[in-house]
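Visitor: I have a chain open here and would like to talk it through. Could you walk me through it, beginning with the strands?

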Amino acid sequence: MNKKICITGASKGIGLAEAKLLSKENELVLHASKKDSFKDITIENAHLFGHDFTQLENIDVFVKELQEKTESLDILVNNAGLMFIEKFSDFPDKDIHTLLTLNLHAQLLVTKKLIPLLLKSKDPHIIFMSSMSAKNRIIGESVYAATKAGIMQFAHVLRNELAGKIRVSTIHSWGVNTWNDTEGAEILTPENIAETLEFIISRKRPFLVESIDLGHEAHWNGAVAPWSPEV
Ligand SMILES: NC(=O)c1ccc[n+]([C@@H]2O[C@H](COP(=O)([O-])OP(=O)(O)OC[C@H]3O[C@@H](n4cnc5c(N)ncnc54)[C@H](OP(=O)(O)O)[C@@H]3O)[C@@H](O)[C@H]2O)c1
């Protein structure tokens, strides 16, 4: 492909799998909360950056540092995000703030500030890592779901605003084994998300994957209700 691809949250889990898959043929800009997070990782063709995006002023610092390395970007993968699960009435205020800031506010600002670099590409593309939480009603995920539903709807509008200039896609996934469960958990792997990303960004214009839902055959998906017949 030979593209310049920026991936946030690239030091582990889904972002790292994406970086590993795409590093062979592309130039990568990889971001994590601190540069040290990459210390045990070797990825070819990568510029490494680290800033805590819950401190929103760090986004300007990142963009400035990035502009010193490159004037353009082909692809932005907004992947950095955290998940905290808690009954809403017990949700610590600081965790609500962290989730809203990192999963939503920071992704909007990173996108806004990198659009000028993307507009210098012949075929720019922005991908948001949302979640099936955005479309479901899972108890304990109220705040996380709010951030992912926010990203989903933001991406829908942005896609229309940028139509004909920058393609915008959203990935919604059920659970992904990013905690190295070795006990045979039947859920998606980070590599499944990486191969989906590769599929999305390698489609030729004007084909656009607007939004894609990813699941596992054996996933519970909330599909069995107490009144469901046995199948
Ligand atoms: N895992 C799932 O089941 C699942 C399912 C659907 C959607 N998703 C979404 O997929 C994305 C990646 O999830 P994951 O499970 O791969 O996450 P992960 O393994 O926990 O990795 C999170 C990444 O985000 C970075 N990050 C964390 N806090 C940050 C901060 N304050 N500032 C900047 N970067 C920060 C981390 O950097 P450090 O290493 O420096 O902390 C790391 O690179 C998230 O948006 C998540 O909501 C995950």
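Guide: This is a predicted model, and a good place to begin is strand E6, residues 167-173, where 7 of the 7 residues are buried, so the strand is largely enclosed by the rest of the structure.

Visitor: Which residues of E6 are buried on one side, and which on the other?

Guide: Arg 167, Ser 169, Ile 171 and Ser 173 are buried on one side, while Val 168, Thr 170 and His 172 are buried on the other, so that both faces of E6 are covered.

Visitor: How many bridges join E5 to E6, and do they run parallel or antiparallel?

Guide: E5 and E6 run parallel and are joined by 5 bridges, with Val 168 in E6 as the bridge partner of Ile 126. Between these two strands the chain passes through helix H4, residues 142-161, in a right-handed β-α-β crossover.

Visitor: And what about E6 and E7, how many bridges there?

Guide: E6 pairs with strand E7, residues 211-214, over 4 bridges, again in the parallel sense, and Ile 171 stands opposite Ile 212 of E7.

Visitor: Switching to helices, how many residues of H1 are buried?

Guide: In helix H1, residues 13-22, 7 of the 10 residues are buried, among them Ile 14, Leu 16 and Leu 22. The buried residues of H1 pack against several elements, including strands E1 (4-8) and E5 (125-129) and helix H5 (190-202).

Visitor: Zooming out, what is the overall pattern along the sequence?

Guide: The chain has 5 helices and 7 strands, following the pattern β-α-β-β-α-β-α-β-α-β-α-β. Its radius of gyration is 18 Å, which agrees with the value near 17 Å that a compact globule of 231 residues would have.

Note on methods
Residues are numbered from 1 along each chain as its sequence is written. This is a predicted model: local features need pLDDT of at least 70, side-chain atom pairs count only at pLDDT 80 or more; totals for chains, interfaces and linings use all residues. The radius of gyration is taken over C-alpha atoms; the globule rule is 2.2 Å times the number of residues to the power 0.38. A residue is buried if 20 or more other C-beta atoms lie within 10 Å of its own, exposed if 12 or fewer, and partly exposed in between; C-beta atoms are placed from the backbone. Two residues are in contact if their C-beta atoms, placed from the backbone, lie within 7 Å. Two strands pair if DSSP finds at least two bridges between them. A crossover is right-handed if, with the strands pointing away from the viewer, the path from the first strand over the helix to the second runs clockwise.
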